[in-house]
Amino acid sequence: MLLVLPLAVALWAYAGWDSGKQQAKTDARLQGWLQTAVADYSRILRDAEQRAAELGSSPRVQSALARRDRRQLAHLAGPNLSFELGRSAESATPGAVSRSVEVVASGRTLGRVIVKVPFDADLLARLERASGFPNGARLAFASGDRLTFGPGGTESQARLSVHRAVDLVTGGERYRAIATFLGAGPQARKLVALAPTAGISGDASGDRWRVIVVGFGVLVAVLLAGYALAPLIARNRLAKHQRTQAARVLSHVGDGVFLIDSEGVIRLWNTAAEAITGLAANSVCGSPAQGAISGWREVEPLIPVASRPGDQREISGAETVPLDIDGRELWLSIAGVAFTDGTVYAFRDVTDERRLEAIRSEFVATVSHELRTPLASLHGAAMTLRQRHERLDADTQVELLDMIAAQSTRLAALVEEILLTSQLDARSLRIASEPFDPEQLVRAAVEEARLRVSDGTTVAISATKVLPHVVGDGMRTHQVLANLIDNAIKYSPPEARIEVTAEQEGESIRFSVRDDGFGIPGGEQNRIFDKFYRLDPDHLRGVSGSGLGLYICRELVRSMSGRIWVESAPGRGATFSFELPIAEPFLAGVELRPAAHGSRSSRTRP
Ligand code: ADP
């Protein structure tokens, strides 16, 4: 039905177009016949003229005219030939056209020879024959709206216009007709060429039927071909559908998947592979794996490749390998399966797990190291006191007891740092958010630090003017500042000068601790804020530490909506700074009275 309907519409349209085409063809043909007929007619007129001239020069005619011998002239005349004596004007002959010559002798007009060509059925038949008119087509004369046909000379009425084909009905038949004038003047006759329209539409409908038959033939052939090819098409469609589905599935797999062909060229790189590595499929597909994935040459031999998917006996599982992609270290857990087209690799990003693992082992190493030293001192002092206390003088006993106290404080501080770190990681630490006086806090922290220094180090304050209150947790800010001052003391040579400042910086208060100590190389300045990160992990300088202090500082400052950073150069000291926001009433220009007797405003941050 779907095919028949358009075919029918096409045939209908074709029929319309074709009948128009047939008519134009017939009109052109009629025009051609008519032109030949007119040319023929002109030739007949020329013949008539020639005949008149020949007769005019014949001695018999000339002598009959000279003698005015009417009897002889009547004898010489014929149905379309006549003679006139003397000088007379040529007169028009009704129903005919004539050609004449004057016969003149010694300057005297003897008479005229007239040859007529009548517009009769004979002339039409001659013209039709000469012009090769086909069966059914015919010629007619027209005078005004009156048509005269040969050979019986039948007449009928019809409206004609010259040189333009029209449809007309005459004698009960439909014709296509075209006319032209024979001669000039208002009385000039027209010659009309006519072709019956039945022939034209017959030709068109013949063509139409041919088209219908061919069209249906083609339709049947298409249907048969469709029937024969249907299973093949269906199989192709199914295969295509399966391929699209497989590609869609692959792009939704959480693991990175890629295919390397037997030539070592990457042929497939799925969406997860793009997301994990940051390498776009169109940049790696078609390139050799060794060029597209940096480090592939080294890791490829380490990756287990099975010959069948899921074969547990062949390989024990995926291997964790490092890749360096655009300066980023990626750890991938990866395994491959080989097949005829190459090897398919599937991988997971285990960089975070790997980092966690590294932190865990670092934690164990650092904590055990940090525990070992004070524990050894504690153990030694306790054993000495137990075994030899009677033989020890009083000063040595006090010294040993002081050591026990100092080392247990150090142990307690370490445990405190570990606990605080785990609370910060679990986001379970409660951080207050209330206004406090930064200057007061700096003074308190500096005074406490001065009590802790023993080697001639000086801790100075450089806070010039009265500062607005800060919003945050006063106790935790104190802890951050104390840690930075302790680090400045720890990582500076004896008798160093440390300067602690607090100043307003836009809408924040900036706290800074500056020392002239060992300094920190540029590449390490961000990493020292990481958990357990120490510039001197093996304590070669004899300065102990867990590597947790700056991590705790950064997390505490961040949880108070602040930021912390360091500016330093190796051997040229370091300046640690952190900023905390100024309390809102101070920003609005409203002085908040110093906190006393419950008049503090307090806000709680989420
Ligand atoms: P630690 O317990 O080792 O002091 P921190 O987290 O406080 O741990 O510091 C991390 C590392 O940053 C330190 O081991 C040290 O190498 C470096 N560091 C910290 N403060 C300073 C400083 N003021 N000058 C030089 N190096 C410093």
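A polar contact is a pair of N or O atoms within 3.5 Å. The exercises below apply this cut-off to a predicted model.

**Exercise 1.** Find which side chains make polar contacts with the ligand, among them that of Asp515, and state how much of the ligand the protein covers.

*Solution.* Begin with Asp515, where an N or O atom of the side chain lies 2.9 Å from a nitrogen atom of the ligand; since the cut-off is 3.5 Å, this pair counts as a polar contact. Turn next to the oxygen atoms of the ligand: one is 2.8 Å from a polar side-chain atom of Asn487, and an oxygen atom is also found 3.0 Å from an N or O atom in the side chain of Lys490. Finally, consider the cover, for the ligand on its own has 520 Å² of accessible area, of which the protein covers 97%.

**Exercise 2.** Describe the shell around the ligand by its residues, their classes and the elements that supply them.

*Solution.* The shell holds 18 residues, and Asn487, Tyr491, Asp515, Arg534 and Leu550 are the closest. Sorted by class, these comprise nine nonpolar, six polar and three charged residues. Helix H13 (474-490) gives the largest share, three residues, while helix H14 (549-559) also gives two or more.

**Exercise 3.** Locate the ligand among the pockets, and characterise the lining of the pocket concerned.

*Solution.* The ligand sits in the largest pocket, whose volume is about 1500 Å³. Of its 46 lining residues, Asn483, Asp486, Asn487, Lys490 and Ser544 are the closest to the centre. The lining comprises 22 nonpolar, 11 polar and 13 charged residues, and its largest share, nine residues, comes from H13.

Methods
Residues numbered from 1 in each chain as written. Predicted model: local features only at pLDDT ≥ 70, side-chain atom pairs only at ≥ 80, totals over all residues. Heavy atoms only, no water. Near = heavy atom within 4 Å. Polar contact = N/O pair within 3.5 Å; in protein donor to acceptor, adjacent residues only side chain to side chain. Areas by Shrake-Rupley, 256 points an atom, 1.4 Å probe, with all protein chains shown as cover. 1 Å grid on protein atoms, 1.4 Å probe; cavity = no way out; pocket = protein on both sides within 12 Å on 5 of 7 lines; lining within 4 Å. Sits in = over half its atoms within 2 Å of the grid points. Helix = DSSP H or I, 4+ residues; strand = E, 2+ residues; numbered from the N terminus. Nonpolar A, V, L, I, M, F, W, Y, C, P; charged D, E, K, R; others polar. Points joined across faces, edges and corners; volume = space filled by probe spheres on them.
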